[in-house]
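Thanks for coming. I have one structure to go through today, and I will keep to a few local features.

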Amino acid sequence: MQKTIFEITKMDCPSEENLIRMKLDEISSIVHLDFDIPNRKLTVFHNGETEQIEKSVIELHLGGKKISTEQTDRTDFKENTNQKKVLWSVLAINFAFFIIEMATGLISKSMGLVADSLDMLADSFVYGISLIAVGGTLMKKKRIAKLAGYFQITLAFIGFVEVLRRFFGADKLPDFSTMIIVSIFALIANGICLYILQKSKSKEEAHMKASMIFTSNDVVINMGVIIAGLLVNWLNSSKPDLIIGTIVFVLVIQGAFRILKLSK
C-alpha cells in the first residue's frame, strides 16, 4: 500500500472535506482518507498509481498539490461507525439556521443575513448529499449534486438581483440589532457543528477542534455580518449590509460550482 500526501490550501472547513470525499469516492484503489484541516493536508492511503487521485484532487480547484508518495505498512484504519448520526446532527443545525436567518433576514431587511442563510443551506446540501449517497450509487450521488448546485446558483442569483434593487433604490435601513444577535447565534451554531464533526474523529486528531473553529469560512462570514451590522448603525447606511451580502453570495456561488463539478 502507498501513502500520498496532498496540500490543499482552500480546505478550511468540513464542507470542503465532504466535497473531497465525494470526488474521490469514485476511485476504487483508495483504501482510506485522513484529513488534517488546520494544516490543509490530506493523506490518501491507496493501492496502485497516484495519477488518477492527483488529477481528481486538482479538478476540485481547492489549491490541491501533491507533496509526497511513499510505501506504508499501516492497515488499522478505524472507520467512524457514527458517521450517519454525526452528519444528521450537523445537517439539522445548518438547515435550522438557514430557516432562522432567512426569516429574520427578510423581516429585518438584511441581505447579509439572507446571504448567510444560503451559506448555511449550502453546507446542508453537502452534508445531505453525503447522507443520501451513503450506500447509494455514484450516479445517484452525482444526480443529487447537480440538483443541489443549480438550486444554490438560482437562489444566489435572486439574491444578487435584490442587492442591486436595494442599492439603487431607497430601501429602509436593515435592523442592525437583529443582524448582530442572529449572527452571534449562527456563530455559536457553526462552532457546535465543527465540534461535533471533530469529536467524531480519532483521538490523535482531537487537537484539530479549536483550529477548525477558528479557520472556518462560516465563522468568518458570521463575523462579517456582525461587523456589517455595527457599520449600518454607525454610518446610518445600508451599504455595509449590501456589501457583505454580495461577498457571501459570491462564496455561495463558488461553492455551488464546486458541487456541480462533482456531478460531471
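I will take the aromatic rings, then a surface patch, and then three loop residues.

Before that, a caution: this is a predicted model.

Let me begin with the rings. A pair of aromatic rings is described by the distance of the centres and the angle of the planes. The structure holds three aromatic pairs. In one of them, Phe-95 and Phe-98, the ring centres are 5.5 Å apart and the planes stand at 45°, so this pair is tilted. How are these two placed in the chain? Both belong to helix 3, residues 83-108, and because they are three residues apart there, about one helical turn separates them. As for exposure, Phe-95 is partly exposed, at 37% relative accessibility. Phe-98, at 15%, counts as buried.

Another pair is Phe-167 with Phe-168. Here the centres are 5.2 Å apart and the planes are at 85°, so the pair is edge-to-face. Phe-167 is partly exposed, with a relative accessible area of 41%, while Phe-168 reaches 69% and counts as exposed. Which residue lies over the face of Phe-167? That is Lys-239, at 5.1 Å from the ring centre.

Now the surface patch. Five residues, Ile-181, Ile-184, Phe-185, Ile-188 and Ile-192, make a nonpolar surface patch of about 460 Å². Take Ile-188 from that list: its place is in helix 6, which covers residues 176-199. Is Ile-188 buried, partly exposed or exposed? Its relative accessible area is 45%, so Ile-188 is partly exposed.

That leaves the loops. Most residues other than glycine have a negative phi. Arg-40 has a positive one, near 55°. It sits in the loop between strand 2 (30-36) and strand 3 (41-46), and it is partly exposed, with a relative accessible area of 22%. Lys-109 is also not a glycine and has a positive phi, of about 60°. The loop holding Lys-109 runs between helix 3 and helix 4 (111-133). With a relative accessible area of 32%, Lys-109 is partly exposed.

The last loop residue is Thr-72, between strand 4 (64-71) and helix 3. Thr-72 is buried, because its relative accessible area is 16% and the cut-off for buried is under 20%. What does Thr-72 touch, leaving aside residues up to four places away in sequence? The contacts of Thr-72 are Met-1, Gln-2, Lys-3 and Phe-45.

That is what I have for today.

How values were computed:
Residues numbered from 1 in each chain as written. Predicted model: local features only at pLDDT ≥ 70, side-chain atom pairs only at ≥ 80, totals over all residues. Heavy atoms only, no water. Patch = residues over 30% accessible without salt bridge, like charges linked within 9 Å, V, L, I, M, F, W, Y side chains within 5 Å. Areas by Shrake-Rupley, 256 points an atom, 1.4 Å probe, with all protein chains shown as cover. Salt bridge = Lys/Arg side-chain N within 4 Å of Asp/Glu carboxyl O. Helix = DSSP H or I, 4+ residues; strand = E, 2+ residues; numbered from the N terminus. Buried < 20%, exposed > 50% of the residue type's maximum accessible area, 1.4 Å probe, protein only. Phe/Tyr/Trp six-rings, centres within 6.5 Å; stacked < 30°, edge-to-face > 60°. Lys NZ or Arg CZ within 6 Å of the ring centre and 35° of its normal. Contact = heavy atoms within 4.5 Å.
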